[in-house]
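Work through the exercises below with the sequence and the model open. Each task is followed by a solution in steps.

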Amino acid sequence: MRILPLAQSKRSSGECDLSEWSIESHKRELLLALLAYLYLQQEMNAERVVAALDPRARSSTKRALPNAINKLIAPKPGDLELMEHGDEDEQEKARNRIQVSIEHRDGHLFQYLSWVAARLASPTSILTPPHVRQADKGFDGFIIDLDDAQKKVVRVVLCEDKASQAPRSLITRSVWKEISAICEGDREDEVHSSLNTLLKAVPGLSEEELEDAVDTIFWEKIRHFRVSVATGEDQRGNSDFALLFSGFEDVALGPLESRVGGILPFADVRAGLAELAQDLIRKLQEIGSVTGDSDV
């Protein structure tokens with residue numbers, strides 16, 4: 001039995017395999033538990049939540065809990081204090097930091113949500129865990145599929161996740177350029193480094209087989225791209241967000257199924273992610289109280 005706390009529905013698009021995600025209210029607590037364990041760097045416990053199994057109590061929870069909660073707090077209390085009592089220069093700097101902190105918190109949280117969507121859609125694939133740090137550079141994630149013998153790479157999906165109030169301009173300004181650069185051979189070293197790291201976790205794969213798995217990859221046939229966006233309902237338009245992905249085919253040639261798009265809409269993306277962050281802090285504190293680590 002698998003728990004699916006994030007619903008995914010197909011949407012029509014001529015550019016990519018597009019799906020719309022939604023957080024089901026009656027499964028919100030399960031989603032929060034799954035996210036909480038990911039923030040605590042307890043991926044196996046997150047997998048247990050998906051599999052409807054009881055998570056294991058971990059001694060590392062006490063050490064990880066304060067940092068996990070801190071990543072969900074935006075704006076920072078010090079900046080709010082400066083906005084109220086600082087001079088004009090201090091207020092301006094605090095205002096800029098507040099905006100950046102909210103954007104970083106939201107982008108980081110959405111990476112975790114995107115990981116959940118990917119795991120639910122591809123239960124047997126190998127996934128990189130979400131970034132530990134906010135605003136980390138590089139790809140937001142990889143999804144790898146092996147053949148039945150678990151020796152040959154048959155699909156590599158490079159993932160880009162964005163949370164934005166104006167996603168179209170962000171996609172055209174940043175995401176399409178990033179994908180074009182990859183298709184032109186740039187950042188090949190980063191791709192190979194990430195693949196090596198992921199494949200080292202495959203049971204029974206020798207060092208020589210790992211090298212062969214990477215060296216024999218025919219990129220043009222197995223390389224896919226996945227672009228996921230959290231945004232507001234005001235971006236839906238008449239095409240269920242499909243227009244946001246216009247131009248995807250131009251920058252990533254290949255069959256439609258080699259391009260994957262995902263949308264998580266909120267009535268207001270900043271308010272929606274802020275509310276989710278607060279609920280997630282509560283869930284982390286609940287987990288901490290069960291393991292005796294609630295003094296945060």
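A crossing is left-handed if the near helix is turned anticlockwise from the far one by less than a right angle, and right-handed if clockwise. Helices (H or I, at least four residues) and strands (E, at least two) are DSSP runs, numbered from the N terminus. The model is predicted: local features need pLDDT of at least 70, side-chain atom pairs count only at pLDDT 80 or more, and totals for chains, interfaces and linings use all residues. Residues are numbered from 1 along each chain as its sequence is written, and side-chain values use heavy atoms, with hydrogens and water left out.

**Exercise 1.** Describe how α4 packs on α5.

Solution. Take the axes, lines fitted to C-alpha atoms over the stretch in contact, with angles from 0 to 180 degrees between N-to-C directions. Those of α4 (residues 77-85) and α5 (residues 88-121) come within 8 Å and cross at roughly 145°. The crossing is left-handed. Next, list the contacts (heavy atoms within 4.5 Å): D79, L80, L82, M83 and E84 of α4 meet E90, Q91, A94, R95, R97 and I98 of α5. By class, this contact has five nonpolar, one polar and five charged residues. Here Ala, Val, Leu, Ile, Met, Phe, Trp, Tyr, Cys and Pro count as nonpolar, Asp, Glu, Lys and Arg as charged, and the others, Gly among them, as polar.

**Exercise 2.** Do the same for α7 and α8.

Solution. Helix α7 (residues 188-199) packs against α8 (residues 207-215) at about 140°, with the axes 10 Å apart. That makes α7 oblique to α8; angles under 35 degrees count as roughly parallel, over 145 as roughly antiparallel, 65 to 115 as roughly perpendicular and the rest as oblique. The handedness is right-handed. On the α7 side H192, L195, N196 and L199 take part, and on the α8 side L210, A213 and V214. This contact has five nonpolar, two polar and no charged residues.

**Exercise 3.** Which parts of the chain does the salt bridge between E29 and K283 tie together?

Solution. A salt bridge is a side-chain nitrogen of Lys or Arg within 4 Å of a carboxyl oxygen of Asp or Glu. E29 and K283 meet at 2.9 Å, N to O. E29 lies in α1 (residues 28-39) and K283 in α11 (residues 269-290), so the pair ties together parts 254 residues apart in sequence. For burial, under 20% relative accessible area is buried, over 50% exposed, and in between partly exposed (1.4 Å probe, protein chains only). E29, at 38%, is partly exposed; K283, at 11%, is buried.
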